[in-house]
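Grab a pencil and open the viewer. Let's work through a few exercises on cysteines and pockets, one step at a time.

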Amino acid sequence: PKALLEHGGKTAIEHQINWLKPHVRKIIIACHKKECEEIAKHIGQLDGVEFSTELQLLGTAGATRKAAGKSKANHFVVVHVDDLTDIDLDALLGFGSDTMCVANPRLNFGVLETDGFDVKQYRQKPVMRNIWANCGIYLLSRRSIDTFPERGSLEHDIWPYAKMKAFKHFGMWKTFGK
C-alpha cells in the first residue's frame, strides 16, 4: 500500500500521523480491508487512530464519506497518504472549511527553451510559479461530505463541481508513489 512507502526512514502513514496528531482528536485511516490489515500490522495500536475499512473499493469520495461516519466532528482534515508537506494546519483550520490546499509544483526534470536546435535557456527542476496543483489535503465540512456519493472519486466526481477555496501553500510539498 502507498501508506507503507518510505520517505526519510518513515512510512507515509507515520509521517501523516505525526503531522496530524497535535491538531486533531481522532485520525481515521480509510482503506481496503487488505491494506488496513497491512497498515495495522506496521503501526500497531495507536491512541486516537482507527480504521474505516472498505470491503469493496469505494473510491476517494465514498471512502471519505464512510470514514466521516465514524466521527461526530463537523469539520475534517482529509489527507491523501502519498502527499508530504509542512502545511501549517493551524492556519488551514483558521482559513475555513471546504478548502483545498494547493502549491506550485516543482518539475522533477530540467526544462529548456529552444530557438530551432539551439538551447536558449535551461532551468533545472523549476518551480512552476504560474500553476497551482492540488496537494491532496482538504478541510471539509460534514455538510459537504454528506453530499458525497457512497462510491466515487473526489478528483473526478466532486472537485470539478464543488465550490472550494484555495489555501495557497508556499512551503514543502512532495508527492511520492506512482
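Below are three exercises, each with a worked solution.

Before you start: this is a predicted model, where local features need pLDDT of at least 70, side-chain atom pairs count only at pLDDT 80 or more, and totals for chains, interfaces and linings use all residues. Residues are numbered from 1 along each chain as its sequence is written, and side-chain values use heavy atoms, with hydrogens and water left out.

**Exercise 1. Find the disulfide and work out its handedness.**

Step 1: Know what you're hunting for, namely a pair of cysteine sulfur atoms within 2.5 Å.

Step 2: Look at cysteine 31 and cysteine 36, whose sulfurs sit 2.2 Å apart and form a disulfide. The structure holds one disulfide.

Step 3: Check the twist. The torsion about the S-S bond of cysteine 31 and cysteine 36 is about 120°, so this disulfide is right-handed.

Step 4: Is cysteine 31 buried or exposed? Buried means under 20% relative accessible area, exposed over 50%, and partly exposed in between (1.4 Å probe, protein chains only). Cysteine 31 comes out at 5%, so it counts as buried. Cysteine 36 is also at 5% and buried.

**Exercise 2. Explain why cysteine 101 has no disulfide partner.**

Step 1: Find the closest cysteine sulfur to that of cysteine 101; it belongs to cysteine 135.

Step 2: Read the distance. The two sulfurs are 6.1 Å apart, which is too far for a bond.

Step 3: Check the surroundings. Cysteine 101 is buried at 0% relative accessible area, and cysteine 135 is buried at 0% too.

**Exercise 3. Describe the largest pocket.**

Step 1: Get the idea. Rolling a probe the size of a water molecule over the atoms shows where empty space is left. Here a pocket is an open set of points on a 1 Å grid over the protein atoms alone, where a 1.4 Å probe fits, with protein on both sides within 12 Å along at least five of seven lines; lining residues have an atom within 4 Å of a point.

Step 2: Note the size: the largest pocket has a volume of about 1,200 Å³ (grid points are joined across faces, edges and corners, and the volume is the space filled by probe spheres set on the points).

Step 3: Look at the lining. It has 42 residues, and Ile28, Ile29, Ala30, Val78 and Val79 lie nearest the centre of the largest pocket.
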